[in-house]
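Biologist: Please go through this model with me and say, label by label, what each one rests on.

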Amino acid sequence: DKNNADCWISITVLCIGSAAGVNGPVVFLVQEKSIHKRFTPERMVKYFGLLPGSCCLANPSGYMDNKTWAKVVEIIAPAICLMKV
């Protein structure tokens with residue numbers, strides 16, 4: 001949770017990696033109804049240096065739930081397959 005200008009927002013960060021020390025995609029979950037349309041996975045890779053498969057998803061709580069996990073798996077599974085071990 002972060003308090004900024006009298007506004008509380010919950011953010012959960014899921015970092016993917018392997019025991020060999022290989023980093024994978026990063027998933028941000030925010031407590032919102034939607035994500036701004038310009039905040040795309042492509043921009044996260046290009047401008048923020050995150051790995052392909054990184055994304056930002058919104059849900060009502062900002063925490064991982066079963067419905068959100070199903071979305072995350074669809075997005076990160078191909079990226080995990082591309083990780084170099």
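Modeller: This is a predicted model. Take isoleucine 35: its relative accessible area is 26%, and it sits in the loop between strand E4 (23–31) and helix H1 (41–48).

Biologist: Why is isoleucine 35 called partly exposed?

Modeller: Buried requires under 20% and exposed requires over 50%. The value of 26% for isoleucine 35 lies in between, so the residue is partly exposed.

Biologist: Which residues is isoleucine 35 in contact with, leaving aside its neighbours within four places in sequence?

Modeller: Val30, Cys56, Leu57 and Ala58. Contact here means heavy atoms within 4.5 Å. Isoleucine 35 is also 9.6 Å from asparagine 59, C-alpha to C-alpha, with their positions 24 residues apart in sequence.

Biologist: Where is asparagine 59, and is it buried or exposed?

Modeller: Asparagine 59 belongs to strand E5. Its relative accessibility is 5%, and the limit for buried is under 20%, so asparagine 59 counts as buried.

Biologist: What does the side chain of asparagine 59 reach?

Modeller: The backbone oxygen of tyrosine 63, at 2.7 Å. The limit for a polar contact is 3.5 Å, and 2.7 Å is within it, so the pair qualifies on distance. Not counting residues up to four places away in sequence, asparagine 59 touches Val30, Gln31, Glu32, Asp65 and Thr68.

Biologist: What makes strand E5 largely enclosed by the rest of the structure?

Modeller: The strand covers residues 55–59, and four of these five residues are buried, so E5 is largely enclosed.

Biologist: How do you know that E4 and E5 pair?

Modeller: Pairing needs at least two bridges. E4 and E5 have five, in the parallel sense, so they pair. Among the bridge partners, valine 30 is matched with alanine 58 in E5, and glutamine 31 with asparagine 59.

Biologist: How many bridges join E3 to E4, and in which sense do these strands run?

Modeller: Six bridges, with the strands antiparallel. At least two are required, so E3 and E4 pair as well. Cysteine 15 stands opposite valine 26 in E4, and glycine 17 stands opposite asparagine 23. The hairpin of E3 and E4 has five residues between the strands, and glycine 21 there takes a positive phi near 90 degrees.

Biologist: Why is the pairing of the whole sheet called mixed?

Modeller: The open sheet has three strands in the order E3-E4-E5. E3 and E4 run antiparallel, whereas E4 and E5 are parallel. Both senses occur, so the pairing is mixed.

Biologist: What makes E3 and E5 the edge strands?

Modeller: Strand E3 (11–17) and E5 each pair on one side only. Neighbouring strands of the sheet are turned by 20 degrees against each other on average, direction ignored. Helix H2 (residues 66–82) packs on the sheet and touches E3, E4 and E5; its direction makes about 170 degrees with that of E5.

Biologist: Which residues make up the largest nonpolar core?

Modeller: Nine residues: Ile16, Val22, Val27, Leu29, Cys55, Leu57, Val72, Ile76 and Met83. E4, E5 and H2 are the elements that give two or more residues to this core. As for the contacts of isoleucine 76, it touches Ile16, Pro25, Val27 and Gly53, not counting residues up to four places away in sequence. In soluble globular proteins, nonpolar side chains tend to be buried together.

Biologist: Why does serine 54 count as buried?

Modeller: Its relative accessibility is 1%, which is under the 20% limit, so serine 54 counts as buried. The residue lies in the loop between H1 and E5.

Biologist: What does the side chain of serine 54 reach?

Modeller: The backbone nitrogen of valine 26 at 3.0 Å, and the backbone oxygen of leucine 51 at 2.7 Å. Both distances are within 3.5 Å, so both pairs meet the distance limit for a polar contact. Serine 54 also touches Pro25, Val26, Pro41 and Met44, not counting residues up to four places away in sequence.

Biologist: What percentage of the chain counts as buried?

Modeller: 25% of its 85 residues.

Note on methods: Residues are numbered from 1 along each chain as its sequence is written. This is a predicted model: local features need pLDDT of at least 70, side-chain atom pairs count only at pLDDT 80 or more; totals for chains, interfaces and linings use all residues. Side-chain values use heavy atoms; hydrogens and water are left out. Helices (H or I, at least four residues) and strands (E, at least two) are DSSP runs, numbered from the N terminus. Buried means under 20% relative accessible area, exposed over 50%, partly exposed in between (1.4 Å probe, protein chains only). Axes are lines fitted to C-alpha atoms, for helices over the stretch in contact, and angles run from 0 to 180 degrees between N-to-C directions. A polar contact is a pair of N or O atoms within 3.5 Å; within protein, one must be able to donate a hydrogen and the other to accept it, and residues adjacent in sequence count only if both atoms are side-chain atoms. A nonpolar core is a set of buried Ala, Val, Leu, Ile, Met, Phe, Trp, Tyr and Cys residues joined through side-chain atoms within 4.5 Å.
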